Amino acid sequence: MTLDKYFKQFLHDIEPSKSTVDEIARLHSAMRDFLKSNKTYKDVYTYSFLSGSYAKHTSIRPTSEDHKRDVDIDIVTNHSSSETPITLFDELKNALSSSGKYDNIRIQTHSIRVIMSKFSIDIVPLVKNSSGKFLIGSTNDSYWQYTDPIGHKEWCSKFNAEHNNKFVPLVKLIKWWRQENCPDQRRYPKGITLEKIIADNIGDTSLPYESLLIETFTNILDSYQDKITNGLIPAVQDPSVPDNNLLEGYELSDLKGFVDCLYLDIQKLNTCGLTNKTWKAIMGDAFPSENPTDSSARKAKNESHRAYLTVPQRKKPKWPMPPKPSIRIIAEVTYPEGVHERYQNDGKLLPKGTSIDYRAAYAPHAKQSIKWQIVNTGDEARAAKCLRGEFEESNNMGKGNNTRYETTAYTGKHYVQCFIIKNAQCTAYSEPFFINVE
């Protein structure tokens, strides 16, 4: 039983309100109109556009502790890269100051920030080179570098369309996770950097949001944890400016905090289970609570499973066991007609002759082995003397030594469980994974 309806409710809840979106539209239009007509700035103003999360529709509402909304505006000027960036920043700041209503202004590395009661507006002055490409300046080193905010918006839209329109919602979920979990003194990846990390490691978008989020978390960890632990900053290629490493400039300690937090949350899911309570601990109190009807249904389902878990043919583990399951089983099915799809634990009825590739979501080491327990139940399996219940080896080495291949043959409810063994002890195991055969 997935929590997809709760994730959909959560996505709705973390959307910026219509009043916020309308207010942002009014504010950025007014600011752009002011600069366009300002007597000291209109001669250098060429055109402007909204950029960042509101332009890409990846924005989320702020937490109760952070009341400000960040808005990004890019101003294309007729200056050139032969001038120093600070010249453009001073010029923009002076023009804004002359309005009388933009009085809390500060110069940042790549932008001017205007701080208002509920909003922070970052304005980026850009120049174009002879090829028409955008350049952004830095007040730290006076260098200009390529940027492409319009390209980022187009890439985001295209990538979302290519991935079942689930990329943008996934970005919102992970942005909220970052907002809830990044300490004040840390700088976890954000903006286009976080979006590209998600895109490079996106899970199977045919899955429900819960499974998609877990797969993406796991993929990010697999991609970066070892490098960061070994003191290396990974490369994340800018989707519009290929020579630009989006992680350049991030501190190793911040990236280590980012992957460590992901690791702890994945472990939390493994040990505490996929429940609303666990997701609240990870995503914050805004994640919906389980309603009583679903809680009763889940308890009834667990009760019905208990009868299958006590069948006599199921052998008891012969190793010392850890207190709780901590790994997951992922199953891919291939129907007799050749169609492939992901199968959820205790999901829909499968026809006989369906192939199943089970995978333990776990990276086994050389000194560890994995055992699989396959338990059949029902009259057909009993008549065929194939109830099973022993511990067996992985048998699908072409897809990794943490996999097991099976084919459905008997009507009924059957299940598998996996155990990681090291030095004659079980170091980790999964919950039973049920299949239903028609």
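These are my notebook entries on one protein model, from the whole chain down to a helix pair and two single residues.

**Entry 1, the whole chain**

I began by noting that the model I have open is predicted. I then looked up the secondary structure and found 12 helices and 17 strands in the protein. For the overall extent I took the C-alpha trace, which spans about 90 × 45 × 40 Å along its principal axes. I also looked up burial, and 48% of the 438 residues count as buried. The exposed area of the protein comes to about 21600 Å², and I noted that carbon and sulfur atoms supply 49% of it. Turning to contacts with a sequence separation of 6 or more, I found that residues 24 or more positions apart account for 66% of them.

**Entry 2, helix 9 and helix 10**

Next I looked at helix 9, which covers residues 252-272, and helix 10, which covers residues 276-283; their axes come within 10 Å and cross at roughly 165°. Angles over 145 degrees count as roughly antiparallel, and therefore I recorded helix 9 and helix 10 as roughly antiparallel to each other. I entered the handedness of this crossing as right-handed. I then listed the residues that meet: D265, K268, L269 and C272 on the side of helix 9, and T278, W279, A281 and I282 on the side of helix 10. Sorted by class, this contact between helix 9 and helix 10 has 5 nonpolar residues, 1 polar residue and 2 charged residues.

**Entry 3, T147**

I asked myself whether T147 is buried or exposed. With a relative accessible area of 18%, T147 is buried, because the cut-off for that class is under 20%. I placed T147 in strand 7, which runs over residues 144-147. Setting aside the neighbours within four places in sequence, I found T147 in contact with L126, F134, L135, I136 and V241.

**Entry 4, D200**

My last look-up was D200, which is found in helix 7, residues 191-200. Its relative accessible area is 41%, so I wrote D200 down as partly exposed, the class that lies between the 20% and 50% limits. Which residues does D200 touch, not counting those up to four places away in sequence? I found Y224 and V236. I also checked D200 against H340, which is 140 residues apart from D200 along the chain, and noted that their C-alpha atoms are separated by 23 Å.

Technical notes:
Residues numbered from 1 in each chain as written. Predicted model: local features only at pLDDT ≥ 70, side-chain atom pairs only at ≥ 80, totals over all residues. Heavy atoms only, no water. Axes fitted to C-alpha atoms, helices over the stretch in contact; angles between N-to-C directions. Parallel < 35°, antiparallel > 145°, perpendicular 65-115°, else oblique. Left-handed = near helix turned anticlockwise from the far one by under 90°. Contact = heavy atoms within 4.5 Å. Nonpolar A, V, L, I, M, F, W, Y, C, P; charged D, E, K, R; others polar. Buried < 20%, exposed > 50% of the residue type's maximum accessible area, 1.4 Å probe, protein only. Areas by Shrake-Rupley, 256 points an atom, 1.4 Å probe, with all protein chains shown as cover.
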